[in-house]
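Grab a pencil and let's work through a few exercises on the structure below. Try each task before you read its solution.

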Amino acid sequence: MSLSSALSIAQSSLLTTSRQTSVVSRNVADAANPDYSRRTAPVVSTDPGARAVQIQRAANEQLFRQNLAALSAWAGQSALSGGLDQLELAVNGVDNASSASTAIGKLHEALQLYATSPSNQNAGTAVIDAARQVVRSLNEGTDAIQKFRTDTDAQIATAVGDLNSLLSQFQDVNTAIVSGSRSGADVSDALDQRDALLKKIGEYVPISTFTRGDNDMIITTGDGTTLFETIPRSVSFQPLAGYAAGTQGNAVYIDNVPLKAGTGGDTDAGGKLAGLIQLRDNVTVTMQAQLDEIARGLIGAFAETAPPNPDAAGLFMQAGTSSIPSTLTTGLAGQIRVNAAMDPAAGGNVTLLRDGGANGAAYVANTSGGASYADLLIGYANRLDQPMAFSPAAGINTTVSVTTYSASSIGWFEGIRQQASTAADAKEALATRTAEALSNDTGVNVDTEMSLLLDLEHTYQASARILSTVNQMLDSLMEAVR
């Protein structure tokens with residue numbers, strides 16, 4: 001081997017080692033970055049010496065897709081579970097202290113006490129106070145549900161804005177990758193950025209990806225709607241200023257296709273947006289319907305009867321009318337009131353609850369005016385425990401008592417909340433496991449990289465020795481020539 005060949009080999013080795021050392025050092029520096037993929041600088045033989053070819057980036061498409069799907073499922077489930085926890089406190093309070101079921105139980109007790117002492121006006125006033133608490137629970141429950149829907153609507157609007165921003169960032173990075181790929185530049189950093197953006201986008205909607213030539217990527221949603229192809233597709237949503245019972249929320253549109261809401265406690269919602277829509281348009285609407293049916297049941301249970309006259313509202317009534325609603329009436333829980341004719345605070349007479357007659361003389365049951373008359377009070381208490389027909393649209397038992405129905409409403413909500421919480425834990429674990437698997441396959445192992453650095457140090461030393469030897473030989477040759 002000539003001295004010039006030896007010199008070329010040593011120089012090539014030093015350059016290659018320098019480049020490999022730079023790559024390994026970068027790996028070590030970014031070892032803690034979850035969005036960084038390990039880089040390698042493979043070496044190929046040349047004549048003379050060796051050289052490092054284009055830097056390669058570790059990737060595993062299958063694991064990455066699994067992680068995207070897991071992140072999307074977890075985000076949707078987490079949105080549902082977290083929202084249900086907030087809704088429970090807002091509507092039912094801590095340990096259901098402010099729930100309609102608790103208030104109805106106290107009303108039932110007050111009625112029984114009044115029935116044992118019908119001449120005791122204080123006992124009658126206690127019944128009215130308990131009735132006010134029932135009304136307050138239903139009214140405030142309705143307000144809390146509609147406020148929650150308004151807040152959730154605002155969260156949807158914010159999420160849509162964030163998603164559009166992410167898609168805009170994705171366009172910039174994808175354009176840089178395509179341009180760099182065409183020119184042969186190193187685009188590994190941009191690929192890391194693009195994968196990180198895909199994970200964030202997947203938290204809002206479930207996505208699938210397809211890579212074309214020059215590393216150009218297309219993104220579609222889980223149902224096949226195009227989300228990005230060269231440019232971002234429009235993600236649009238029109239929020240509402242406020243919600244009332246029965247208000248229909250607007251849909252989120254992706255490329256003019258409406259996004260579907262999730263269903264069930266273990267929701268099939270993929271991404272945060274579907275989970276939020278499920279909260280706004282599914283869970284809360286069902287919960288409102290149950291409160292409305294409780295209100296209808298109470299109005300019916302305390303109705304005054306005087307055949308052939310029509311039944312008329314007694315202790316409870318819908319604001320503005322004394323008629324008895326016969327079907328599910330949206331928003332009734334927010335409109336129920338204590339009958340002013342029986343409410344001392346409104347100038348009424350509490351004895352009308354005991355004797356009847358809030359709707360006129362024809363409805364008086366205690367015609368003799370006896371102070372010990374308790375038949376109506378006993379009848380009201382019994383009616384709270386008697387089965388009645390409820391609307392199946394409210395999602396729970398259709399033929400039970402008002403007392404049982406109000407308790408079943410809490411049971412229904414607790415059931416779906418527990419199911420959502422359990423599923424959130426499971427999906428979080430899956431997202432964590434897939435992220436760990438992806439990291440193990442494409443991430444940086446510091447111990448391995450430090451070992452490589454030692455090997456490269458040895459290679460550098462060997463190349464330096466070759467240079468030193470060649471230098472000595474050249475010096476000797478020059479001396480001999482002189």
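**Exercise 1.** How much space lies in the second largest cavity?

*Solution.* Start with what we're looking at: this is a predicted model, where local features need pLDDT of at least 70, side-chain atom pairs count only at pLDDT 80 or more, and totals for chains, interfaces and linings use all residues. Residues are numbered from 1 along each chain as its sequence is written, and side-chain values use heavy atoms, with hydrogens and water left out.

Next, the term: on a 1 Å grid over the protein atoms alone, a cavity is a set of points where a 1.4 Å probe fits but cannot get out, and lining residues have an atom within 4 Å of a point. Volume is the space filled by probe spheres set on the points, with grid points joined across faces, edges and corners.

Now the result: the second largest cavity holds about 30 Å³ of space. Its lining is Thr 221, Asp 223, Thr 225, Ile 254, Val 257, Pro 258 and Leu 259.

**Exercise 2.** Find the largest cavity and say which helix gives the most to its lining.

*Solution.* First, the whole structure has 2 cavities of 30 Å³ or more, and the largest has about 80 Å³ of space. Then list the elements giving two or more residues to its lining: helix 2, helix 3 (100–116), helix 6 (272–301) and helix 10. Helices here are DSSP runs (H or I, at least four residues), and strands are runs of E, at least two, all numbered from the N terminus. The winner is helix 10, with 4 residues. Among the lining residues are Ser 406, Ser 409, Ile 410 and Phe 413.

**Exercise 3.** Describe the largest pocket and its lining.

*Solution.* A pocket is an open set of points with protein on both sides within 12 Å along at least five of seven lines. The largest one has a volume of about 490 Å³. Of its 31 lining residues, Ser 37, Arg 57, Asp 195, Leu 438 and Thr 442 are the closest to the centre. Helix 5 (188–202) gives the most, namely 6 residues. Strand 5 also supplies at least two.

**Exercise 4.** Which strands sit at the edges of the open sheet with order 5-6-7-8?

*Solution.* Two strands pair if DSSP finds at least two bridges between them. This sheet has 4 strands with antiparallel pairing. Strand 5 (207–211) and strand 8 (231–232) each pair on one side only, making them the edges. Strand 5 pairs with strand 6 (residues 217–221) over 5 bridges, and Thr 211 has Met 217 as its bridge partner.
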